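Dear colleague,

Please find below the sequence and the structure that I am handing over to you. My findings follow directly after them.

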Amino acid sequence: MPGTNAPIRAMLISKAYVSVEYRRKAELLAAGGLDLTLVAPPSWKDERGDSRLEPGEARGYRLEVLPLALNGHFHLHWFRGLNGLIRRLRPDIVHMEEEPYNVATALALRAAQQAGAQSVFFTWQNLNRRYPLPFRLLERYCYRTADAAIAGNRDAEAVLRAKGYAGPISVLPQFGVDETRFRPASEPPSTFTIGYVGRFVTGKGVDLLLRAAAALGGEWRLRLVGSGPERESLAGLATDLGLADRLTWVAPVPSAEVPEQLQSLSCLVLPSISLLNWKEQFGRVLIEAMACGVPVVGSDSGEIPHVIGDAGLVFPEGDVEGLGRHLERLRADPSAATALGRAARERVLAQYTQSRIAAQTAALYEGITRRR
């Protein structure tokens, strides 16, 4: 445990920090008085491709770049050299932002325990699933070893308790939004523009958005930003629905360019559908759009209704007609859309800014060290 006046030495670890936007949380944690080391890989591979570590100054904290073994394997990857780094820096707290059933989490928590550090893991998992070996054993080990857990949504907290985790849990999304970058556009788009930003995969329900848009009247445009395995099939559906003249496809953009994409929209839609092995765990793009004063429309899959609250429009997942009615309402009543966008930004400022998430994370660290 650090001395009475010594800052807490914390190590924060995640593949997500290849994004310079996400590293803003580390900057705020350090500005709050932590002696912080951030660990990120040089790249992370997934269905969208190879995301390289984005350049950016590490203000107030140390950035350690460690290579990943089995890069691209969500549950099997781990950080090479992490054990040695933990032994050398001897942090008070090791905070691993990965699921408790992942190899990377178990190895990081073991290294923390061997170095006499306390540990925290993070989970988005909002379905109570029984994992095969060895993942079930990794999960049990992390439950026994960790001093605290962070659940990214309400259902994830319930899953932890149902599976027997008995330690303290904070319900807190992994990241907030920088409200100084994600802010309303100076001028709204001249044509009503519906947008989606994210992966093109089955669970995101983008096909439902295409079908709902096809039934709209009046003037409107549709902008789809992202990539993924469903891209070609969605393009075929758009052609069949006669949307080619109204639809713009945009390839994934660096995180620094996301605010501009959102500011070009009249509304953002997240039409996710729940699958047997997945339901929406948060929907970060919602709070990014809301911070930009863009009205949001989301399905009731997983955490989406809790994120939106009363500052957006929610429809039953899979309900194309219900989604269409919300879109038509926003298209036909600009004043109502403006009021909804204003309420959306106010909700983000109250609950989902990077500074708020950082402050709550720092408070968790302090509580852990105080209990010790």
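I begin with E139, which is buried, since its relative accessible area is 7%, under the 20% limit for that class. Please keep in mind that this is a predicted model. E139 sits in helix α4. Setting aside residues up to four places away in sequence, E139 touches P100, Y101, Y131 and K163.

**The cavity**

E139 also takes part in the lining of the largest cavity. How many cavities of 30 Å³ or more does the structure hold? There is one, and the largest cavity encloses about 40 Å³ of space. Its lining is formed by E99, P100, Y101, T123, Q125, Y131, E139, Y143, A156, V159, L160 and K163. Sorted by character, these lining residues comprise seven nonpolar, two polar and three charged ones.

Two helices deserve mention here. Both α4 (135-145) and α5 (154-162) supply at least two residues of this lining. The one that gives the most is α5, with three residues.

**T123**

Another residue of the cavity lining is T123, which belongs to strand β9 (residues 118-123). Is T123 buried or exposed? With a relative accessible area of 3%, T123 is buried.

The side chain of T123 has polar partners. It makes a polar contact with the side chain of E99, at 2.5 Å. In addition, a polar atom of the T123 side chain lies 3.0 Å from the backbone nitrogen of Q125. E99 and Q125 are themselves among the residues that line the largest cavity.

If neighbours within four places in sequence are left aside, T123 is in contact with E99, P100, I150, A151, G152, A156 and L160.

**The cysteines**

A disulfide is a covalent bond between the sulfur atoms of two cysteines. In this model the count of disulfides is zero. Why does C292 not form one with the closest cysteine, C267? The sulfur of C292 is 14 Å from the sulfur of C267, and this is too far for a bond, because the two sulfur atoms of a disulfide must be within 2.5 Å. C292 is buried, with a relative accessible area of 3%. C142 also counts as buried, at 0% relative accessibility.

To follow this account in the structure, I suggest starting at E139 in helix α4, then turning to T123 in strand β9, and lastly to C292 and C267.

Yours sincerely,
A colleague

Definitions and conventions
Residues numbered from 1 in each chain as written. Predicted model: local features only at pLDDT ≥ 70, side-chain atom pairs only at ≥ 80, totals over all residues. Heavy atoms only, no water. Helix = DSSP H or I, 4+ residues; strand = E, 2+ residues; numbered from the N terminus. Buried < 20%, exposed > 50% of the residue type's maximum accessible area, 1.4 Å probe, protein only. Polar contact = N/O pair within 3.5 Å; in protein donor to acceptor, adjacent residues only side chain to side chain. Contact = heavy atoms within 4.5 Å. 1 Å grid on protein atoms, 1.4 Å probe; cavity = no way out; pocket = protein on both sides within 12 Å on 5 of 7 lines; lining within 4 Å. Points joined across faces, edges and corners; volume = space filled by probe spheres on them. Nonpolar A, V, L, I, M, F, W, Y, C, P; charged D, E, K, R; others polar.
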